[in-house]
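Visitor: I should like to learn how to read a few features of a protein model. Please begin with the structure itself.

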Amino acid sequence: MGKNEYAIECRGITKRFGSKVLANDEVDLQLKYGEILALLGENGSGKTTLMNMLSGIYRPDAGEILVNGTEVFINSPVDSMRLGIGMIHQHFKLVDVFSAMDNIAIGTKGKREAPAKMREKINFISERFGLQIDPDKKIYDMSVSEKQTVEIMKVLYRGSDILILDEPTAVLTPQETERLFAILRKMRAEGKAIIIITHKLNEVMSISDRVAVLRKGKSVATVETAMTDELKLTELMVGHSVDLSIRRPETEKKEGVLRVEGLSVMGSDGTRALDDVSFTLRGGEILGVAGVAGSGQKELCETITGLLPYESGSIKLEEMELKGKSPFEILNLGVSISFVPEDRLGMGLVGSMGITDNMLLRTYYKTPGYFIDRKPAKAMADKLIDKLQILTPGTETPVRLLSGGNVQKVLLGREIEAAPKVLITAYAVRGLDINSSYAIYDLLNEQKEKGVAVLNVGEDLDVLLGLCDRIMVLCHGKVTGIVDAKTTTKEQLGLMMTGAMRDHRTETEAAHV
Amino acid sequence: MSFMIRFIVAAVVAGTPLLFGTLGEIMNERVGHLNLGVEGMMSLGAVAGFMVGYRTDNFALALIAAFAAGALGALIYAIVTVTFMANHTVAGLTLTIFGIGLTNVIGFHYLGMSESGTLKLPEHITQQMRAVHITGLSDVPVIGPLLFQYNPFVYVGIVIAVLLALFYNFTKAGLNVRAIGENPQAADAAGVHVLAWKYVNIVIGGGICGIGGAFTIMITNGGVWISDCVGGLGWIAVALVIFATWKPVNAIWGSFVFGAMRILKYYVNKEIIHIPDAFYDMLPFLVTAVILVLVSARQVRDKAQPAACGTNYFREDR
């Protein structure tokens, strides 16, 4: 293949979903061999849709795709693979109960290769690009980062020269991200063409050669990374000038609203999901919780709200022991949870019901008599729509039809209306774009200023460092440190998340708590 | 000694229709389709096998008809669930009701036409379904009757189970098929033809169920037609799939254990242990219920139901 040609060139790609949603509107894109192109855009700007057309998941309604200078029609993932395009999806496409090697073998052409031969080939690729992989390990035993390595290996094993990574760093610690970037740089040096989708501007600046920006399904601009900066990119992305700093108002702290001591919880797999966790949550502060996914964050939230029983330890709300109280009682004591599981509609809201009915879930028992009085709930729904600027056709539209940011506003708004003493949010801005994220940060800060004790489980360390007063780090269910957000760096947090700093635990705690 | 041998042989024979039903359902669930139509597909196989045998006096044609009828039932199910993405439970239950109903209607029709009021397969066919006799092997004491004196169905069932096990564990296509049942998105992204493989497995699985149905009328009932000849075996097969942890080889001994439970009442001395027959009839279903509870409490990832079982796959799902 001629290395001077574009690896991929998209001309005027258009894709509609239904009659209303125009996901891609005459998008142009060029990708060269030996470069890393960052694809940037808000949620719903059409990045993933565009990439799914390159990987054969969707078909474009109009426009043409050229690979190595010739026009191609990608009708299925098989076509895409044949053209040398390999996609590393945001949600890993791996079979949990298979070993790494079996996952790599799925769908490969020709006869099934002998395990020894496959292992040899995997080792060869691993060394060449600096991947670390155990071919016989089962996927369900792997960390997120290991799973991603398997995904990358799948693509390289098939000899792909064009790689597309959809938000690969969203689930990684900073150290793991650096390792991934080292691998990507090696690939670039070997002449591979790479597209990386990410929301994180600092990563765009550090890894990419060029940046293509999409806004509302249109290609806005393609710029050399060296010629731009984070602020300019954000402005291209949202279409107007923005202030990227997160507010952290100073407030008066009220000691000991929530005291957790020696909390231990059994996980579903028989291991300890939480192991001797102790901390205090003060009124008027935001305590961040950092940790690699599955370090016990979910269990922590569910234990405090009474959803999960605990083995030992105590949880006290203003000197009142919560053990033995039902979630309903705890809620009425003023502990409110806005939990955002993977799909956001899992635990918080009922997707097929409108905003009014979702409000009723929290208030129905307060009206006397056998019949439901919908008026107060409707008024509350209208108030929230107005106050939080929730975009919805009406109060009765099923909430699952709303965008992620609006769903989160409904959920958080409802919890805040209950005037809690303790507000627990988990992954409050997961999957939200910049505008929605900042709206949520403002809501949390507003609660903090009212004197509410906020526990905020997060994944973006930059956000945690900017928004929270203190940050508690969890690693395998243990607290590896509680640190002051103003004086801590991302690298320190990353080390604590992997447990590498456990030896320093007592020092950090002594210094900052 | 000879009593034990007779008991074991009877258990194997009684378990064989279950083996076919279980293998068919394993093929369905391995591609992610919880097919509750086993009872219906077995019924269709029974009536097609019987009627074709009755008319043509040809054992091979009867078997082919049984397979084809089961496969046809499965094809309807596949079209409804794979292509039109209907709910698996509803589609499967409907197939069962349809299969049993159609079978009985055809049976009544033929019974009405017969002069004696009964329907029996011709002697020529029942001859061929008799236990095999391999000179030398079948006459060896103990081993002979235990291993080499069954009717041809038993061996066919075991061979299918072993072939399926080899397919799933040692071939690339088998790996791809397992991947479909676990995570169709992953299989599709890796270039596996998800929908085509689903069709192939569901239809062949239905055919295997059909042969199991033919067994119930040809062997269990000795070639005499009765209504509802499958009599709930399809439901036990669905549970046996779980008991076998979705592995064809486990299905072999699992179905023989359940076969033993079905014939236990004939082998218990009524003078010593006096329990009503109804208890023995209930036993397989009772054990099935207990197993379902135990299995759902056990959490071993490798022995669990294929993760995508019961869900439909649509590539452009958002």
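Guide: In this predicted model, domain 1 of chain A and domain 2 of chain A bury about 660 Å² between them, with 61% of that area on carbon and sulfur atoms. On the side of domain 1 of chain A, the residues that lose the most area to domain 2 of chain A are A:Thr173, A:Pro174 and A:Gln175, which together account for 55% of what that side buries.

Visitor: Where do the bounds of domain 1 and domain 2 of chain A fall?

Guide: Domain 1 covers 6–238, while domain 2 is assembled from 245–334 + 422–427 + 455–513. Taken over C-alpha atoms, the centres of domain 1 and domain 2 of chain A are separated by 34 Å.

Visitor: How many residues of each domain of chain A are in contact with the other?

Guide: Domain 1 of chain A contributes 6 residues, in contact with 11 residues of domain 2 of chain A.

Visitor: How many salt bridges are there between domain 1 and domain 2 of chain A, and how many residue pairs are in polar contact?

Guide: The count of salt bridges between these two domains of chain A is 0. For polar contact, the count is 2 residue pairs, both at pLDDT 80 or more.

Visitor: How should the pairing of strands be read?

Guide: In a regular strand the side chains alternate between the two faces of the sheet. Turning to this case, strand β1 (residues 6–17) of chain A pairs with strand β2 (residues 21–32) of chain A in the antiparallel sense, over 8 bridges. Within that pairing, A:Asn24 in β2(A) stands opposite A:Lys15. β1(A) also pairs in the antiparallel sense with strand β4 (residues 62–67) of chain A, over 5 bridges. There, A:Ile65 in β4(A) is the bridge partner of A:Cys10.

Visitor: Is A:Asn103 buried or exposed, and why?

Guide: A:Asn103 counts as buried because its relative accessible area is 0%, and buried means under 20%. This residue belongs to helix α3 (residues 100–105) of chain A. Apart from neighbours within four places in sequence, A:Asn103 is in contact with A:Leu94, A:Val95, A:Phe98, A:Ile139, A:Val150 and A:Lys154.

Visitor: Is A:Ala116 buried or exposed?

Guide: A:Ala116 counts as exposed because its relative accessibility is 54%, and the cut-off for exposed is over 50%. A:Ala116 lies in helix α4 (residues 115–129) of chain A.

Visitor: What separation lies between the C-alpha atoms of A:Ala116 and A:Gly334?

Guide: These C-alpha atoms are separated by 60 Å, and A:Ala116 and A:Gly334 are 218 residues apart along the chain.

Notes: Residues numbered from 1 in each chain as written. Chains lettered and ligands numbered in written order. Predicted model: local features only at pLDDT ≥ 70, side-chain atom pairs only at ≥ 80, totals over all residues. Heavy atoms only, no water. Helix = DSSP H or I, 4+ residues; strand = E, 2+ residues; numbered from the N terminus. Buried < 20%, exposed > 50% of the residue type's maximum accessible area, 1.4 Å probe, protein only. Contact = heavy atoms within 4.5 Å. Pairing = 2+ DSSP bridges. Domains from an automatic or database assignment. Buried area = accessible area lost by both parts, 1.4 Å probe. Salt bridge = Lys/Arg side-chain N within 4 Å of Asp/Glu carboxyl O. Polar contact = N/O pair within 3.5 Å; in protein donor to acceptor, adjacent residues only side chain to side chain.
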